[in-house]
Amino acid sequence: MARSRTDQPRGPSQRQLRVGELIRRKMSEILLRGEIHDEELNSLMISVNEVTVSGDLKIATAWVLPLGGEKKDEAIAALKRCKGALRHAVGKDMTLRHSPDLRFRIDETFDRMDATRALFADEKVQRDVAAPRDEVDDEE
(Lines give C-alpha, C1' and ligand atoms only; values in the text may rest on other atoms or scores of the structure.)
Protein backbone atom coordinates (compact mmCIF):
# COMPACT_ATOMS: atom_id res chain seq x y z
CA MET A 1 0.00 0.00 0.00
CA ALA A 2 1.35 3.41 -0.94
CA ARG A 3 2.02 5.93 1.77
CA SER A 4 -0.06 9.06 1.67
CA ARG A 5 1.29 12.50 2.36
CA THR A 6 -0.47 12.60 5.72
CA ASP A 7 1.51 9.61 7.04
CA GLN A 8 4.71 11.60 7.14
CA PRO A 9 5.44 13.79 10.16
CA ARG A 10 5.12 17.44 9.30
CA GLY A 11 6.45 20.56 10.92
CA PRO A 12 4.44 23.64 11.71
CA SER A 13 2.55 25.31 8.88
CA GLN A 14 3.45 28.74 7.54
CA ARG A 15 0.45 30.20 9.34
CA GLN A 16 1.52 28.69 12.67
CA LEU A 17 5.02 30.10 12.22
CA ARG A 18 3.71 33.53 11.23
CA VAL A 19 1.25 33.73 14.14
CA GLY A 20 3.92 32.51 16.57
CA GLU A 21 6.33 35.20 15.42
CA LEU A 22 3.66 37.90 15.69
CA ILE A 23 2.83 36.80 19.24
CA ARG A 24 6.54 36.70 20.14
CA ARG A 25 7.12 40.24 18.90
CA LYS A 26 4.03 41.61 20.60
CA MET A 27 4.84 39.91 23.93
CA SER A 28 8.40 41.22 23.78
CA GLU A 29 7.13 44.77 23.22
CA ILE A 30 4.59 44.48 26.05
CA LEU A 31 7.18 43.18 28.51
CA LEU A 32 9.78 45.73 27.42
CA ARG A 33 7.42 48.68 27.84
CA GLY A 34 5.99 47.38 31.11
CA GLU A 35 2.40 47.61 29.87
CA ILE A 36 1.22 44.98 32.38
CA HIS A 37 0.73 46.53 35.81
CA ASP A 38 2.56 44.00 37.96
CA GLU A 39 5.59 45.12 39.96
CA GLU A 40 7.28 41.73 40.04
CA LEU A 41 6.82 41.14 36.32
CA ASN A 42 8.08 44.61 35.45
CA SER A 43 11.13 44.22 37.70
CA LEU A 44 12.27 41.18 35.69
CA MET A 45 13.86 41.50 32.28
CA ILE A 46 12.36 38.58 30.36
CA SER A 47 13.23 37.66 26.80
CA VAL A 48 10.69 35.82 24.68
CA ASN A 49 12.86 33.61 22.48
CA GLU A 50 10.18 31.67 20.61
CA VAL A 51 6.44 31.10 20.52
CA THR A 52 5.06 27.84 19.19
CA VAL A 53 1.41 27.68 18.25
CA SER A 54 -0.83 24.61 18.08
CA GLY A 55 -2.36 23.57 14.75
CA ASP A 56 -5.74 25.07 15.59
CA LEU A 57 -4.11 28.32 16.83
CA LYS A 58 -5.81 28.02 20.21
CA ILE A 59 -2.70 27.43 22.34
CA ALA A 60 0.52 29.44 22.17
CA THR A 61 3.54 28.30 24.17
CA ALA A 62 6.03 31.06 24.87
CA TRP A 63 9.61 29.94 25.48
CA VAL A 64 11.03 32.59 27.81
CA LEU A 65 14.19 33.23 29.78
CA PRO A 66 14.89 35.91 32.38
CA LEU A 67 17.96 38.03 31.75
CA GLY A 68 21.01 36.28 33.15
CA GLY A 69 19.12 33.00 33.54
CA GLU A 70 18.32 33.75 37.19
CA LYS A 71 14.91 33.78 38.91
CA LYS A 72 13.37 31.37 36.41
CA ASP A 73 10.65 30.18 38.79
CA GLU A 74 9.66 33.72 39.75
CA ALA A 75 9.47 34.72 36.08
CA ILE A 76 7.18 31.81 35.18
CA ALA A 77 5.01 32.48 38.24
CA ALA A 78 4.70 36.18 37.36
CA LEU A 79 3.85 35.41 33.73
CA LYS A 80 1.23 32.85 34.76
CA ARG A 81 -0.28 35.31 37.21
CA CYS A 82 -0.57 37.95 34.47
CA LYS A 83 -1.63 35.52 31.75
CA GLY A 84 -5.07 37.08 31.25
CA ALA A 85 -3.74 40.62 30.88
CA LEU A 86 -0.99 39.42 28.52
CA ARG A 87 -3.50 37.49 26.44
CA HIS A 88 -5.73 40.54 26.17
CA ALA A 89 -2.82 42.84 25.25
CA VAL A 90 -1.46 40.41 22.65
CA GLY A 91 -4.86 39.74 21.10
CA LYS A 92 -5.79 43.41 20.93
CA ASP A 93 -3.64 44.15 17.87
CA MET A 94 -3.89 40.78 16.14
CA THR A 95 -6.48 39.94 13.50
CA LEU A 96 -7.22 36.45 14.78
CA ARG A 97 -10.77 35.45 15.58
CA HIS A 98 -9.75 34.19 19.04
CA SER A 99 -6.72 35.13 21.07
CA PRO A 100 -4.75 31.96 21.87
CA ASP A 101 -4.36 30.65 25.40
CA LEU A 102 -0.83 31.49 26.57
CA ARG A 103 1.46 28.99 28.23
CA PHE A 104 4.95 29.72 29.46
CA ARG A 105 8.01 27.47 29.53
CA ILE A 106 11.67 28.12 30.30
CA ASP A 107 13.81 28.09 27.18
CA GLU A 108 16.74 25.73 27.80
CA THR A 109 18.32 26.16 24.36
CA PHE A 110 21.25 28.18 25.70
CA ASP A 111 21.94 25.61 28.42
CA ARG A 112 22.01 22.85 25.81
CA MET A 113 24.34 24.90 23.61
CA ASP A 114 26.72 25.38 26.55
CA ALA A 115 26.64 21.65 27.29
CA THR A 116 27.38 20.89 23.64
CA ARG A 117 30.28 23.34 23.59
CA ALA A 118 31.69 21.77 26.77
CA LEU A 119 31.34 18.33 25.20
CA PHE A 120 33.24 19.40 22.08
CA ALA A 121 35.92 21.05 24.23
CA ASP A 122 36.58 17.75 26.02
CA GLU A 123 40.01 16.31 25.23
CA LYS A 124 38.68 12.86 24.30
CA VAL A 125 36.14 14.29 21.87
CA GLN A 126 38.75 16.58 20.32
CA ARG A 127 40.98 13.56 19.74
CA ASP A 128 38.13 11.63 18.11
CA VAL A 129 37.10 14.54 15.95
CA ALA A 130 40.68 15.20 14.83
CA ALA A 131 41.38 11.54 13.93
CA PRO A 132 39.33 11.37 10.70
CA ARG A 133 40.91 14.59 9.42
CA ASP A 134 44.38 13.09 9.81
CA GLU A 135 43.32 10.04 7.83
CA VAL A 136 41.96 12.23 5.03
CA ASP A 137 45.21 14.23 4.93
CA ASP A 138 47.25 11.00 4.63
CA GLU A 139 45.23 9.86 1.61
CA GLU A 140 45.89 13.05 -0.36
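Start with helix H3, whose buried residues in this predicted model are Ala 75, Ile 76, Ala 78 and Leu 79. Look down the axis of H3 and those buried residues fall within an arc of 165 degrees, so they line one face of the helix. The general rule behind this kind of pattern is handy: an α-helix has 3.6 residues a turn, so residues three or four places apart point the same way. Flip to the face of H3 turned away from the buried side and you'll find the exposed residues Asp 73 and Lys 80.

What sits on top of the buried residues of H3? The cover includes the helices H1, H2 (39–43) and H4, along with the strands S1, S2 and S3.

Asp 73 deserves a second look. This residue of H3 has a relative accessibility of 68%, and because anything over 50% counts as exposed, Asp 73 gets that label. Along the chain, Asp 73 and Ile 106 are 33 residues apart, while their C-alpha atoms are separated by 8.8 Å.

Now move along to helix H4. Here the buried residues are Leu 86, Ala 89 and Val 90. Seen down the axis of H4, they fall within an arc of 95 degrees, so once again we have buried residues lining one face of a helix. The face of H4 turned away from that buried side carries Gly 84, His 88 and Lys 92, which are exposed. As for what covers the buried residues of H4, the list includes H1, H3 (72–81) and strand S3 (101–106).

Ala 85 is also found in H4. Is Ala 85 buried, exposed or partly exposed? With 38% relative accessibility, Ala 85 counts as partly exposed, because the value lies between the 20% limit for buried and the 50% limit for exposed. Ala 85 and His 37 are 48 residues apart in sequence, yet the distance from C-alpha to C-alpha is 8.9 Å.

H1 has come up as part of the cover for H4, so let's see how these two helices meet. In general, two packed helices are described by the angle between their axes and the distance between the axes. For H1 (residues 14–33) and H4 (residues 83–92), the axes come within 10 Å and cross at roughly 120 degrees. H1 and H4 are therefore oblique to each other, since 65 to 115 degrees would count as roughly perpendicular and over 145 as roughly antiparallel. The crossing of H1 and H4 is right-handed.

Which residues make the contact? On the H1 side they are Ile 23, Lys 26, Met 27, Ile 30 and Leu 31, and on the H4 side Leu 86, Ala 89 and Val 90. Sorted by character, the residues of this contact divide into 7 nonpolar, no polar and 1 charged. Note that the H4 partners Leu 86, Ala 89 and Val 90 are also listed as the buried residues of H4.

Zoom in on Ile 30, which is found in H1. Ile 30 is buried, with a relative accessible area of 1%. Leaving aside neighbours within four places in sequence, Ile 30 is in contact with Glu 35, Ile 36, Leu 86, Ala 89 and Val 90. Take Val 90 from that list: Ile 30 and Val 90 are 60 residues apart in sequence and 8.0 Å apart in space, C-alpha to C-alpha.

Next, the loops, where two residues have an unusual entry in common with neither being a glycine: Leu 57 has a positive phi of about 65 degrees, and Lys 71 has a positive phi of about 60 degrees. Leu 57 lies in the loop between strand S1 (46–53) and strand S2 (59–66). Though in a loop, Leu 57 is buried, with a relative accessible area of 11%. Lys 71 is found in the loop between S2 and H3, which brings us back to the helix where we began.

Finally, step back to the whole chain. The protein chain has 6 helices and 3 strands, and from the N terminus on, its elements run α-α-β-β-α-α-β-α-α. Of its 140 residues, 27% count as buried. Among contacts between residues at least 6 apart in sequence, 62% join residues at least 24 apart. The pair Ile 30 and Val 90, 60 residues apart in sequence, makes one such contact.

Methods: Residues numbered from 1 in each chain as written. Predicted model: local features only at pLDDT ≥ 70, side-chain atom pairs only at ≥ 80, totals over all residues. Heavy atoms only, no water. Axes fitted to C-alpha atoms, helices over the stretch in contact; angles between N-to-C directions. Helix = DSSP H or I, 4+ residues; strand = E, 2+ residues; numbered from the N terminus. Parallel < 35°, antiparallel > 145°, perpendicular 65-115°, else oblique. Left-handed = near helix turned anticlockwise from the far one by under 90°. Contact = heavy atoms within 4.5 Å. Nonpolar A, V, L, I, M, F, W, Y, C, P; charged D, E, K, R; others polar. Buried < 20%, exposed > 50% of the residue type's maximum accessible area, 1.4 Å probe, protein only. Arc of directions from axis to C-beta.
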